[in-house]
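Work through the exercises below with the model open. Each task is followed by a solution in steps.

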Amino acid sequence: MKLLTGLVFCSLVLSVSSRSFFSFLGEAFDGARDMWRAYSDMREANYIGSDKYFHARGNYDAAKRGPGGAWAAEVIRENIQRLTGRGAEDSLADQAANKWGRSGRDPNHFRPAGLPEKY
């Protein structure tokens, strides 16, 4: 319900035309898929010290989709953090990587040495 409310609010506040609104929805969907792919890759890699890289990469890929992708990345991050109840210090470190990726900076900055090239 919050997602629907958020989308309606965005369309009203930003005075988005119907074409732009559907574009925003498509970007948000694709951005959420990018975030899921980064999470899946992180779980598959199971590589110590790689979580910040995958946070940055997921946010980077989602933000490249456009405003909808960046919005989806932010909403996903906030909701996951709230649901998991993770510690503040770990959350702050993850947030730095999230912001780094969403700002369009190279996620490889957080890439640990030895992480397979597949990722």
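**Exercise 1. Aromatic cluster**

Which residues do ring pairs link into a cluster?

Solution. The model is a predicted one. Its ring pairs join Y53, F54 and Y119 into a cluster. Next, look for a charge at this site: the charged end of R111 sits over the ring of Y53, 5.0 Å from its centre.

**Exercise 2. Confidence**

Find which element of the protein has the lowest mean pLDDT and which the highest.

Solution. Start with the whole protein, where pLDDT averages 86 and 80% of the residues score at least 70. Then go through the elements. Helix 1 (residues 2-13) has the lowest mean, 62, and helix 3 (residues 51-64) has the highest, 96. Where pLDDT is low, predicted coordinates should not be read in detail.

**Exercise 3. A salt bridge in one helix**

Locate R37 and D34, and decide for each whether it is buried or partly exposed.

Solution. Step one is the contact: R37 forms a salt bridge with D34, and the closest N and O atoms are 3.0 Å apart. Step two is the location. Both residues lie in helix 2 (residues 18-45), three residues apart, which is about one turn of the helix. Step three is the accessibility. The relative accessible area of D34 is 1%, so D34 is buried. R37 is partly exposed, because its relative accessibility is 36% and the partly exposed class lies between 20% and 50%.

**Exercise 4. A salt bridge between distant parts**

How many residues apart in sequence are the parts that K118 and E44 tie together?

Solution. First confirm the contact: K118 forms a salt bridge with E44, with the closest N and O atoms 2.3 Å apart. K118 lies in the segment after helix 5 (88-102) and E44 lies in helix 2, so the pair ties together parts that are 74 residues apart in sequence. Then classify the partners. K118 counts as exposed at 62% relative accessibility, whereas E44 counts as partly exposed at 44%.

**Exercise 5. Adjacent numbers and a network**

Classify K52 and D51 by relative accessible area, then list the residues that shared salt-bridge partners join into one network.

Solution. K52 forms a salt bridge with D51, the closest N and O atoms being 2.9 Å apart. The relative accessible area of K52 is 17%, so K52 is buried; D51, with 25%, is partly exposed. Now follow the shared partners: salt bridges join D30, R33, D34, R37, D41, R57, D61 and R65 into one network. In total, the structure holds twelve salt bridges.

**Exercise 6. Ring geometry**

Determine the geometry of the pairs F24 with W71 and W100 with F110.

Solution. A search of the whole structure gives six aromatic pairs. In one of them, F24 and W71 have their centres 5.7 Å apart and 50° between the planes, and the pair is tilted. F24 lies in helix 2 and W71 in helix 4 (residues 67-84), so the pair ties together parts that are 47 residues apart in sequence. Both F24 and W71 are buried.

For W100 and F110 the ring centres are 5.7 Å apart and the planes are at 85°, so this pair is edge-to-face. W100 is in helix 5 and F110 is in the segment after helix 5, ten residues apart. F110 is partly exposed, with a relative accessible area of 22%. As a last step, inspect the face of W100: R105 lies over it, at 4.0 Å from the ring centre.

Key:
Residues are numbered from 1 along each chain as its sequence is written. This is a predicted model: local features need pLDDT of at least 70, side-chain atom pairs count only at pLDDT 80 or more; totals for chains, interfaces and linings use all residues. Side-chain values use heavy atoms; hydrogens and water are left out. pLDDT is the predictor's confidence in each residue, from 0 to 100. Helices (H or I, at least four residues) and strands (E, at least two) are DSSP runs, numbered from the N terminus. A salt bridge is a side-chain nitrogen of Lys or Arg within 4 Å of a carboxyl oxygen of Asp or Glu. Buried means under 20% relative accessible area, exposed over 50%, partly exposed in between (1.4 Å probe, protein chains only). Rings of Phe, Tyr and Trp (its six-membered ring) pair if their centres lie within 6.5 Å; planes under 30 degrees apart count as stacked, over 60 as edge-to-face and the rest as tilted. A charge sits over a ring if NZ of Lys or CZ of Arg is within 6 Å of the ring centre and within 35 degrees of the ring normal.
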